[in-house]
Amino acid sequence: MDEVQHRQLTLLLAVVALGLVVAIGCVACSKFAPAEGAATPEEGAATETPALEEPPASIPITVTFAGDCTLGTDEAFDYASSFNAKFEAVDDPAWFLANVKPIFADDDITIVNMEGTLTKATSRQDKTFAFKGDADYAKVFSTSSVEAASMANNHSKDYGEQSYTDTIAAIETEGIPTFGHERIAYLDVKGVKVALVGAYELAKHEEIEPEVTSRINEARAAGAQLVLVYYHWGQEREYAPNATQVKLAHAAIDAGADLVVGSHPHVIQGWEVYQGRYIVYSLGNFCFGGNSNPSDKDCMLFQQTFTVTGDDVAKDDDVELIACSISSAPGYNNYQPTPASGAEKERIDAKIQSSTNQIAALAND
């Protein structure tokens, strides 16, 4: 092959090779080209890698429940020994809860039962005891780190419907939400939506169950991640719950409540764990103007720390029952609830355990 033929053959092979490269490139372009009408990234724009979704964080929320608070007196009581007289004498609303404020200030939510009225209404209901105080008494709560008050009880309308709305207004003017009956309070705590449901059993007994379960369902539908139920129920001066209390408590847990607590008996009743959730049947009295010297001054605070992860609330035993007296003075009620210590704490703890043992025995029958 002469030099001219060699050059021609080399040129031909180069042309063939170039054609193969172009053909392969076209196939590659057609393989990875976007479909017709599809959006293409702008020239020079960087493509984004989808971010991995972060799992929801676990959030601890500590809640403290206290029992019956009657910030006032009955007009038939001796004024000199009444709550009203003490309020005037100390001239400081923060005095009443000063001994428990460190506990309340250290939690995320403190909830009480407001059993009485703060009103100027004069139409007293025809009943044995009717309690009334001034609107300024609501400052007992606002100066002491109380974050919510239930109004579902048998004394919230002692001076008629007007006294009920007056009391709500007095407490909420102090920046404290109220709840109970058909009214659910929603609190935003560390970004968690907490629902407070309050129910009054004494008028309808077991027939209140559909209303309570409906409120719990309503709270869940509204996006509540933590649902707490405060019942006003039971029999006065009984140290163990009755069958109605147990039935209603279990129904509330079955409906989705994360905790059920109660008051009204004016004495302590114990607790149980049902479906992994706590039920505390009676906290007893607390800041209680309903009696200047009740024979049983024992009471307790119930505190639980919930771990909330998204819509999940852990079932654990991060709870504390804090034995207290309704008075810081021995022998009479000075309306200043105080944590118990030493032998007094041991005695009250034993009383709580005795009632709890009775509840366990009922469950095993």
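Strands are DSSP runs of E with at least two residues, numbered from the N terminus. The exercises below use that naming on a predicted model.

**Exercise 1. Place T64 in the fold: which strand holds it, and is it buried or exposed?**

Solution.
- Step 1. Find the element. T64 belongs to strand β1, which covers residues 58–70.
- Step 2. Apply the cut-off. Buried means under 20% relative accessible area. T64 has 0% relative accessibility, so T64 counts as buried.
- Step 3. List the partners, leaving aside neighbours within four places in sequence. T64 is in contact with F104, D107, I109, T110, I111, L301, F302 and Q303.

**Exercise 2. Describe the chain as a whole: how many helices and strands does it have, and what share of its residues is buried?**

Solution.
- Step 1. Count elements. The protein chain has 8 helices and 17 strands.
- Step 2. Take the burial. Of 365 residues, 47% count as buried.
- Step 3. Turn to contacts with a separation of 6 or more. Residues 24 or more positions apart make up 73% of them.

**Exercise 3. Work through α2 and the residue after it: which residues of α2 are buried, and what covers them?**

Solution.
- Step 1. Pick out the buried residues of α2. They are F83, N84, A85 and F87.
- Step 2. Look for the cover. It includes β1, β4 (132–133), α4 (139–142) and β13 (285–288). β1 is also the strand of T64.
- Step 3. Follow the rings. F83 and F87 join W95, F96, Y137 and Y335 in a cluster linked by ring pairs. The structure holds 16 aromatic pairs.
- Step 4. Step past the helix. Just after α2, D91 takes a positive phi of about 55 degrees. D91 lies in the loop between α2 (83–90) and α3 (101–106).

**Exercise 4. Compare D91 with H266: where does each lie, and is each buried or exposed?**

Solution.
- Step 1. Recall the background. Most residues other than glycine have a negative phi.
- Step 2. Check both angles. D91 is not a glycine, yet its phi is positive, about 55 degrees. H266 also is a residue other than glycine, with a positive phi near 70 degrees.
- Step 3. Locate them. The loop of D91 runs between α2 and α3. The loop of H266 runs between β10 (259–263) and β11 (268–274).
- Step 4. Assign burial. D91 has 67% relative accessibility, so D91 counts as exposed. H266 has a relative accessible area of 16%, so H266 is buried.

**Exercise 5. Characterise the two largest pockets: what is the volume of each, and which residue classes line them?**

Solution.
- Step 1. Start with the largest pocket. Its space is about 450 Å³. It has 20 lining residues, and those closest to its centre are E236, R237, H266, F288 and N291.
- Step 2. Sort that lining. It has 7 nonpolar, 8 polar and 5 charged residues.
- Step 3. Move to the second largest pocket. Its volume is about 180 Å³. Its lining includes K297, D298, S325 and R347.
- Step 4. Trace the elements. β17 (338–339) and α8 (342–364) each give two or more residues to the lining of the second largest pocket.
- Step 5. Sort this lining too. The second largest pocket has 3 nonpolar, 4 polar and 4 charged lining residues.

**Exercise 6. Which rings lie under the charged ends of K132 and K157?**

Solution.
- Step 1. Take K132. Its charged end sits over the ring of Y159, 4.7 Å from the ring centre.
- Step 2. Take K157. Its charged end sits over the ring of Y164, 4.9 Å from the ring centre.

Key: Residues numbered from 1 in each chain as written. Predicted model: local features only at pLDDT ≥ 70, side-chain atom pairs only at ≥ 80, totals over all residues. Heavy atoms only, no water. Phe/Tyr/Trp six-rings, centres within 6.5 Å; stacked < 30°, edge-to-face > 60°. Lys NZ or Arg CZ within 6 Å of the ring centre and 35° of its normal. 1 Å grid on protein atoms, 1.4 Å probe; cavity = no way out; pocket = protein on both sides within 12 Å on 5 of 7 lines; lining within 4 Å. Points joined across faces, edges and corners; volume = space filled by probe spheres on them. Nonpolar A, V, L, I, M, F, W, Y, C, P; charged D, E, K, R; others polar. Helix = DSSP H or I, 4+ residues; strand = E, 2+ residues; numbered from the N terminus. Buried < 20%, exposed > 50% of the residue type's maximum accessible area, 1.4 Å probe, protein only. Contact = heavy atoms within 4.5 Å.
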